[in-house]
Amino acid sequence: MVLLQYLILLPFVASVMVAPEVNMDYEGSVDIYSGAPVLAEDVSLAQTVSLSNGSSYDRSSHTFCYPVSGYDTPIQSTVADGMITTDPVAITIPENLGVELYLDGKVMEQADFAALSTPGSYALLISSAESQRQVLTFDIVSKKTGKLTSYSLPDGFLLQEVRIDGVAQSINYSGSVDFTTEGNYEVNYRCTASGISYTLRVTIDHTNPEVTFEGIENGIARGPVTMTGLADGDRVTVTFNGDDVHAPANGIFRSVGKYVVVVTDDAG
């Protein structure tokens, strides 16, 4: 989580085409020799499986495929539309297809489609002079995070089991998981068409850093301000009069001016 603190210190005297790898974030059953996902016994062994949203799953490349009008090859992704993952995501784009990839609402310049790993919400759009069409959305989260509060499973996926700190939870069959409770989660779910099961493991931490700023009253300090309570893994960023500066090593702010201090823990 993020703790944002504003303070003003006043003077004492003054007021491509790369084949995707198998996404192993989802740790369903796999063949011990090949590492390929193991299918349910009642599922066809056809190489390509049609999914309910018009996409398909390719067993040979272990990718989800999204057809593009006018192109012989589809967009291929190691995650399905709407998935949440803690692993890097690989996407293959048909040659000469114009696309734009957005991360948290901003276009990514020179994105490495073979290894997308920055945490955030992604959207892949087919782009042309006339229009844009969204093809794929997904989220990458850290293995420990405070930014995840719920997960609505992609279309065609069935929730099988949810455990928090090893304890099985009552599950609903609406295809959603509530992450408001802190703890270590193991979410098991299955693609009904392909028969492949997936497991998302993530630690949820919604608690803000417990940092104290001594010497501030109503956002104003008339002397040095001391920051205490930083924990291992906490990161501190500081702007001073609008410029980025290093946080003081001893945690004491002395220079006269306006500060913005952001403390971020290992859960983001």
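These are my notebook entries on a predicted model of a protein.

**Entry on the whole chain.** I began with the secondary structure, and for this protein I found zero helices and 25 strands. I then looked up burial, and noted that buried residues make up 40% of the 268 residues. For the surface, I wrote down that the protein exposes about 14,600 Å², of which carbon and sulfur atoms supply 49%.

**Entry on aromatic rings.** Next I turned to the aromatic side chains, where the count comes to ten aromatic pairs. I picked out F157 and Y198, whose ring centres are 5.9 Å apart and whose planes stand at 50°. I recorded this pair as tilted, because an angle under 30 degrees would count as stacked and one over 60 as edge-to-face. I also checked where the two residues sit along the chain: F157 belongs to strand β14 (residues 157-164) and Y198 to strand β18 (residues 197-204), so that the pair links distant parts of the chain, 41 residues apart. Both F157 and Y198 are buried. When I followed the ring pairs further, I saw that they link F157 and Y198 with Y57, F64, Y151 and Y189 into a cluster.

**Entry on H62.** Last, I asked myself where H62 is found. I located H62 in the loop between β3 (56-58) and β4 (63-66). Is H62 buried or exposed? Its relative accessible area is 17%, and I noted H62 as buried because the cut-off for that word is under 20%. I added that the side chain of H62 reaches the backbone oxygen of R59 at 3.1 Å.

How values were computed: Residues are numbered from 1 along each chain as its sequence is written. This is a predicted model: local features need pLDDT of at least 70, side-chain atom pairs count only at pLDDT 80 or more; totals for chains, interfaces and linings use all residues. Side-chain values use heavy atoms; hydrogens and water are left out. Helices (H or I, at least four residues) and strands (E, at least two) are DSSP runs, numbered from the N terminus. Buried means under 20% relative accessible area, exposed over 50%, partly exposed in between (1.4 Å probe, protein chains only). Accessible areas come from the Shrake-Rupley method with a 1.4 Å probe; for residues, only the protein chains shown count as cover. Rings of Phe, Tyr and Trp (its six-membered ring) pair if their centres lie within 6.5 Å; planes under 30 degrees apart count as stacked, over 60 as edge-to-face and the rest as tilted. A polar contact is a pair of N or O atoms within 3.5 Å; within protein, one must be able to donate a hydrogen and the other to accept it, and residues adjacent in sequence count only if both atoms are side-chain atoms.
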